[in-house]
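This report concerns selected helices and one loop residue of a single structure. The sequence and model are shown first.

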Amino acid sequence: MSENGTIFVGGGGEGYGLPQSLLLGHSNRHGLIAGATGTGKTVTLQVLAEGFSAAGVPVFLADVKGDLAGLSRPGSPADKRHDAFVKRAGMIGLDLQYRAFPVTFWDLFGQQGHPIRTTVADMGPLLLSRLMELTEPQEGVLNIAFRLSDEEGLPLLDLKDLQALLVFTGENAGPIGLRYGHVSAATVGSIQRRLLVLENQGGALLFGEPALNLGDLLAVDESGEGRINILASDRLMASPRLYATFLLWMLSELFEMLPEAGDPEKPKLVFFFDEAHLLFRDAPKALVDKVEQVVRLIRSKGVGVYFISQSPDDLPENILGQLGNRVQHALRAFTARDQKALRLAAQTYRDNPRFSTEEAIRSVGTGEAVTSFLDARGAPGIVERTLVRPPSSQAGPIDPAARAAVIAASPFTGKYDVAVDRDSAFERLRARADAAAGAGSAKGRSAEPEETFNKARRLDGAPAAGPAPKPATRRGDSVTEAFAKSFARQLGSKSGQALVRGVLGSLFKGR
């Protein structure tokens, strides 16, 4: 728990070091929780989240295994680990008091918490390209689509907006290519296929409105305790790239949103990034550089970022060097690679003459750790062997009824629950194509083609195809006009009708 500007993390008994605390004033200088599976990382994360919440600092964390939902309920003597917790509390001089903390549940799929969404435009082409594993040419076409969205007044809110805009781009590859660079139908088709994969993974639920107001993550409860925002991630982990990209988006948006805070007495928010290796696995250098930049600069906004992973070498060296507060649980050195990782992990700590850091990391048991926190001067403290304090809240998952009760009592109930489908790129392109199709149908019945063409151009301000002597786009046409004309021409043929059914049929179905 927190006291006098610190969070008590753990202490010593016989054979252990001095009590270890995290200074709130230096907790925005980021941190690392590492260790092999089953060594106690989740409990350490839970203890830190409790401490920040008690100090009035909001927390955001991903619950990968469902174990962190227990933060919403007090611990209990009926817990099978109660006796072990009491024994450990006695060893470190802690008066263990069970209590719950203010929790808000979130869920991308809207099943285990409030739905959490963003728009395609807010995600941006860089992160979307990462999410869909696009090649450089494909990323270039995606950037063109975003540029057209801005210039043509076609808002990108959800996936169907982006899918429709890509059709728009492919249909007008000629004029668009002259302006922005070559666009091939094959490249557009490849992006559409990647969008389909993303949609099947649940990405369609992420994109839309109402979008998450990141200010809601900075809320405190009526008593001034920081709310612990828990993202249900057990199902999300089936799509690890979606998980990692979404959390990176949140981090980037917080960086853009928050003002400079200098050196605050305590953070405005602490962000725990569990399974951090997923963020960097196979990541292009441009993305890693962006993450490094955000991590380096976001501390000046009063945000602390704590990475949780099995081994420190899961993180790039430049990012690892920025993590001043560290809790290292046991590493198992069974292979040559494991042994190398163990040596490298030991070398990142300030030596303690009383023991070998490498041997300590190898031998600490469950609930024990090798720790180093920044001191009052901001310098890394001497490494210590530490018994991590037991949590005050329930260690482990909660039942669905308890979760439902917490969600019902949330201050955000009703704010995000119902999706809103505003007029955006999909609807606007459909309206223009419908107007063009209507003009194309009238063409066959009209004895005066030129008059029909001129009337069609006045329909709702939308351009439409007329009996132009050549199919090429007229000089002066906007890309939008060209799109509508192309659609009208194709709708007049069987192949055109097949194209609409094949490419846009799923978009128009049921709308």
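How many of the 18 residues of H9 are buried? The model is predicted: local features need pLDDT of at least 70, side-chain atom pairs count only at pLDDT 80 or more, and totals for chains, interfaces and linings use all residues. Residues are numbered from 1 along each chain as its sequence is written, and side-chain values use heavy atoms, without hydrogens and water.

Of the 18 residues of H9, 14 are buried (under 20% relative accessible area, 1.4 Å probe, protein chains only), so the rest of the structure largely encloses this helix. Helices are DSSP runs of H or I with at least four residues, and strands are runs of E with at least two, numbered from the N terminus.

| Helix H9 (residues 240-257) | Span |
|---|---|
| Expected at 1.5 Å a residue | 26 Å |
| Between end C-alpha atoms | 26 Å |

The expected span is 1.5 Å times one less than the number of residues.

In helix H15, the buried residues are Ala 402, Arg 403, Val 406 and Ile 407. They lie on the same side of H15, because their arc around the axis is only 140 degrees; the arc is taken from the directions from the helix axis to the C-beta atoms. These buried residues pack against strand S6 (103-107) and strand S7 (114-115).

Phe 412 is placed in the loop between helix H15 (400-408) and helix H16 (425-445). Its relative accessibility of 7% makes Phe 412 buried. Beyond neighbours within four places in sequence, Phe 412 has contacts (heavy atoms within 4.5 Å) that include Trp 106, His 114 and Asp 216.

Definitions and conventions
Buried < 20%, exposed > 50% of the residue type's maximum accessible area, 1.4 Å probe, protein only.
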